[in-house]
Amino acid sequence: MAHRPDLAPGSPAPGTPRIVILNDNAVADGGTAVLALKSARMLAARGYDVTFIAGDVGDDGALKAAGIRLIALGGRHLLDQSQRRAAQDGIYNRRLRDLIRAEITASDTPDTVYHLHGWAGVLSPSVFAALRDVASRTYIHAHDFFLACPNGVYFDFPRQMVCHRKPMSLSCLTTNCDKRAWHHKQWRNLRHAVLHRAFDTSLPWAGIVLISDAMAEGLTRAGLPSRLFRTVLNPAEPFGPTRIPAERNRKLAFIGRLEAGKGVELLCAASHIADLPLRVIGDGAMRAQLEATFPEVEFAGWRQPDEIGAMLGEARALVLPTLTPEPFGLVAAEASCSGLPVLMSSAMLLSVELVDKGLGIAADVASPATLARSLNEFMALPDTKVEEMSRRGFERRASIANTAEDWIDGLAATYRACLTG
């Protein structure tokens, strides 16, 4: 592709990698899809030749308008199929495997790099079999722990506990940790066994992209080799152009889905115990129940990013009481670089880094009472200390995320590395 003077800084020279991004869907219905689509658009804007292979029926034309070739395989998400069909396709979708193989055969070049994002909802483990012949030029993005853990989150849902078992060990196989039912865990075990065969780590895969170094232990616990790990921090941008003056405020805020595992019920109870005002931004199945139980809490529903920025302007901190060991929290990074300190559940993998960088505190989510103590601990901090956390995050003197441009720089460097050795 010839160089154009109107391309963004960092644009590639002729002969740079052709990029094929693969993801379950072409619609931004979750964090993984948002990032896969964002990378495609930003790479195309820099002049890269980008193809997006989506397991679903495609988008509304947005990718084509951005100069991206879209291949929609016509699959359906497992939750949108009958139980029988979902059980079969979710373990190994031969039709999608063959379509991806055919596209690779028809279009592959020596400088083509493949980047797989989400696969567990539509594409299935068969996508790894489709990519075997181009393994040395294929990266797998670990947005979660589905490469390692059968239920993807290292969390025992029935017992509401972080799981420390070795994946696929006897203890793992015989423990019902699924959020739905025991038979669903058995299905997950079967799918994971198929994944192990399809994703053969003895092949020369280009690498596994981690969104934080804290993910490494969970992946190596499952037997994935650390030689494949390449860390590229997720991108995050502030909610607005000016710093949130957190030191002046007294209200706490939560952003996220109102569902089990996010800890929002726990937070509402803790704020009641601590007698602290709380604004909840988000929606979900638990909203009606929470509104009835905690009438003193303000439930704002889903809001647009500019509205969120305005609502956070009254907050002293964002609280993320997530019970599961999530590897990243986008809203935490967005809030921090907006100038808002973060009280992050100690179960979340980024909590140690957050504290080390002076951007917030780790919160004890063992019970409403322990979380209330963590809330009071933060609220008792001097305004000068809160302002220091706020300015450090806003000025990005310390950060748990990349800027968008730095993120694309990191991905582009990773792509080049597998071609140059």
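**Exercise 1. Around helix H9**

Find which residue just after H9 takes a positive phi, then work out how far the helix is covered and by what.

*Solution.* Let's start at the end of the helix.

1. Just after H9, the residue to pick out is Asp275, with a positive phi of about 55°. Keep in mind that this is a predicted model.
2. Now step back into H9, which spans residues 264-274. Counting a residue as buried when its relative accessible area is under 20%, you should find 8 of the 11 residues buried, so the helix is mostly covered.
3. Name them: Val264, Leu266, Leu267, Cys268, Ala269, Ala270, Ser271 and Ala274.
4. Next, look for what covers these buried residues. The cover includes four strands, E10 (251-255), E11 (278-281), E12 (298-301) and E13 (315-320). Helices H10 (287-293) and H14 (368-379) also contribute.

**Exercise 2. Reading the open sheet**

Give the strand order of the open sheet of 7 strands, and explain why E3 and E9 each have one side without a neighbour.

*Solution.* Walk across the sheet from one edge to the other.

1. The order reads E3-E2-E1-E4-E5-E8-E9, and the pairing is parallel.
2. Strands E3 (69-72) and E9 (229-231) sit at the edges with a single partner strand each, so one side of each lacks a neighbour in the sheet.
3. On average, neighbouring strands here are turned by 25° against each other, ignoring direction.
4. Zoom in on one pair: E4 (residues 112-116) and E5 (residues 138-142) run parallel and are joined by 3 bridges. His115 has Tyr139 of E5 as its bridge partner.

**Exercise 3. A helix across the strands**

Determine which strands helix H1 lies across.

*Solution.*

1. Locate H1 at residues 31-45.
2. Helix H1 lies across E1 (18-23) and E2 (50-54).
3. Relative to E1, helix H1 runs at about 165°.

Methods. Residues numbered from 1 in each chain as written. Predicted model: local features only at pLDDT ≥ 70, side-chain atom pairs only at ≥ 80, totals over all residues. Heavy atoms only, no water. Pairing = 2+ DSSP bridges. Helix = DSSP H or I, 4+ residues; strand = E, 2+ residues; numbered from the N terminus. Axes fitted to C-alpha atoms, helices over the stretch in contact; angles between N-to-C directions. Contact = heavy atoms within 4.5 Å. Buried < 20%, exposed > 50% of the residue type's maximum accessible area, 1.4 Å probe, protein only.
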